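Student: Before we look at the model together, could you take me through the reasoning behind the labels that are attached to it?

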Amino acid sequence: MIKNYFSSGNTSKGFYSFFEYLPYQCDRVFMIKGGPGTGKSTFMKRIAEKMVEEGYDLEKHWCSSDKESLDGVVIPQLKVAFLDATAPHLVDPKYPGAVDEIINLGRYWDRSPLEENKDEIVSLSKAKWNSFQKAYAYLKEAKLIHDEWEDYYLEGMNFQQANRKAEELIEQIFGEQKLAEQLGAERHLFGSAFTAQGTVDYFDNITNDMEYRYIIKGRAGTGKSTLVKRVGKAARERGFDVCYGHCSFDPESVDLLVIDELKVALLDGTAPHVVDPADQNDQIVNMLECVDSEVIKSNKRRIANTKRRYQIVMDKARDMIKQAKFFHDEQEDYYIEAMDFSAVEERRQEVEEEVLKAMNSE
């Protein structure tokens with residue numbers, strides 16, 4: 001089984017990273033260094049392919065700016081992780097040699113063509129950075145509009161009814177389960193991302209092995225994230241480990257919760273990641289029931305106007321991320337020409353054999 005995640009995001013708070021949660025419970029972490037176009041993503045994709053051939057389950061962590069590029073691979077059964085340790089997700093070893101190992105793909109490039117094209121490479125790097133900063137400025141503006149959008153629903157919100165929904169759901173999931181001596185562990189990732197190719201989500205993939213899925217429907221400001229957080233808190237208090245999937249637009253909001261031990265998931269099923277029941281054990285929790293319909297009706301025109309303004313600004317943000325990817329791709333070309341990919345492939349095979357050998361010797 002392959003599960004897909006994002007460990008970072010282009011959000012209304014800028015670039016936001018949960019990279020520290022990528023190598024979750026791993027005893028061996030390979031940190032891959034190198035410039036754009038040096039083959040980091042391909043290195044990890046081929047490792048992943050081999051591990052799937054060997055019958056191992058995988059986590060693939062994709063780039064939040066380019067859905068075709070990998071930022072990390074985790075092999076839970078081997079407790080091994082590979083991750084891109086270059087900007088913007090700079091990661092350094094905590095326990096060099098004992099746990100962490102750096103794979104520097106910069107060893108396999110010819111410096112001469114890079115030095116010859118230094119000015120162009122620097123210029124493209126600056127242009128990419130500027131494009132991302134403009135994208136984040138638009139996303140920040142969109143968040144202000146989204147907050148206004150939320151207010152129109154909050155105006156009619158019955159918070160006590162929302163509290164009852166949360167308590168009923170907690171009782172349904174946990175029954176008479178008592179509080180544990182110790183809190184369960186928590187992991188934080190993204191289940192979706194705002195990429196150069198548009199919004200991408202893996203909600204169905206992440207939850208497809210869950211026995212019970214609670215699909216939260218509603219609108220901005222109807223308490224979907226608060227409900228998910230409350231259930232997550234209740235799970236941890238009862239000793240269960242949880243994985244939170246944060247919102248790719250507002251990382252302080254939670255769109256997804258997985259309680260693997262119980263085979264239970266909660267997920268936001270409203271746009272942009274529309275999820276509908278696909279199984280008899282899928283249950284909808286409708287948070288719009290907690291909002292006075294008359295208030296929604298009276299705010300209908302304001303809501304529609306706000307939604308239009310929000311989409312215009314989000315489109316501008318996406319254009320800037322696409323522009324940043326264009327500059328990144330141009331920058332990659334210079335490194336691709338300078339790389340000795342046969343040496344990179346040789347190194348990959350050595351690492352692959354090392355990992356499998358260590359597993360077989362146990």
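Tutor: Let us start with a definition: the axes of packed helices are lines fitted to C-alpha atoms over the stretch in contact, and the angle between their N-to-C directions runs from 0 to 180 degrees. In this predicted model, helix α4 (residues 159-174) and helix α6 (residues 224-237) pack at an angle of about 40 degrees, with their axes 10 Å apart.

Student: Why are α4 and α6 called oblique to each other?

Tutor: Angles under 35 degrees count as roughly parallel, and the range for roughly perpendicular is 65 to 115. The angle of about 40 degrees belongs to neither class, and α4 and α6 are therefore oblique to each other. As for handedness, the crossing in which α4 passes α6 is right-handed.

Student: What makes α3 and α8 roughly antiparallel?

Tutor: Helix α3 (residues 118-154) packs against helix α8 (residues 300-338) at an angle of about 165 degrees, their axes being 8 Å apart. Since angles over 145 degrees count as roughly antiparallel, that is the description that applies to α3 and α8. Here the crossing of α3 past α8 is left-handed. Sorted by class, the residues in the contact of α3 with α8 are 23 nonpolar, seven polar and ten charged.

Student: Ile-336 is in helix α8; why is Ile-336 called partly exposed?

Tutor: The relative accessible area of Ile-336 is 39%, and partly exposed covers what lies between the cut-offs of 20% for buried and 50% for exposed. The C-alpha atom of Ile-336 is separated by 34 Å from that of Gln-77, the two residues being 259 apart along the chain.

Student: How do you know that Cys-63 and Cys-247 are not bonded to each other?

Tutor: A disulfide requires two cysteine sulfur atoms within 2.5 Å. The closest cysteine sulfur to that of Cys-63 is in Cys-247, and it is 18 Å away, too far for a bond. Cys-247 is in no disulfide either, the nearest cysteine sulfur, that of Cys-243, being 15 Å away. The structure as a whole holds zero disulfides.

Student: Are these two cysteines, Cys-63 and Cys-247, buried or exposed?

Tutor: The cut-off for buried is under 20% relative accessible area, and Cys-63, with 15%, is therefore buried. Cys-247, at 14%, counts as buried by this criterion too.

Student: What makes you say that both faces of strand β2 are covered?

Tutor: In β2 (residues 8-11), Ser-8 and Asn-10 on one side are buried, and so are Gly-9 and Thr-11 on the other.

Student: How do you know that β2 and strand β3 pair?

Tutor: Pairing asks for at least two bridges, and four bridges join β2 to β3 (residues 14-17), the strands running antiparallel. Gly-9, for instance, has Tyr-16 of β3 as its bridge partner. With two residues between them, β2 and β3 form a hairpin.

Student: What makes the phi of Gln-25 worth a remark?

Tutor: Most residues other than glycine have a negative phi. Gln-25 is not a glycine, yet its phi is positive, at about 55 degrees. Gln-25 lies in the loop between β3 and β4 (28-33), and with 53% relative accessibility, against a cut-off of over 50%, Gln-25 counts as exposed.

Student: Why is Lys-263 called partly exposed?

Tutor: Its relative accessibility of 25% falls between 20% and 50%, so Lys-263 counts as partly exposed. Lys-263, in the loop between β14 (254-259) and β15 (264-268), also has a positive phi, near 55 degrees, in a residue other than glycine.

Terms used. Residues numbered from 1 in each chain as written. Predicted model: local features only at pLDDT ≥ 70, side-chain atom pairs only at ≥ 80, totals over all residues. Heavy atoms only, no water. Left-handed = near helix turned anticlockwise from the far one by under 90°. Nonpolar A, V, L, I, M, F, W, Y, C, P; charged D, E, K, R; others polar. Buried < 20%, exposed > 50% of the residue type's maximum accessible area, 1.4 Å probe, protein only.
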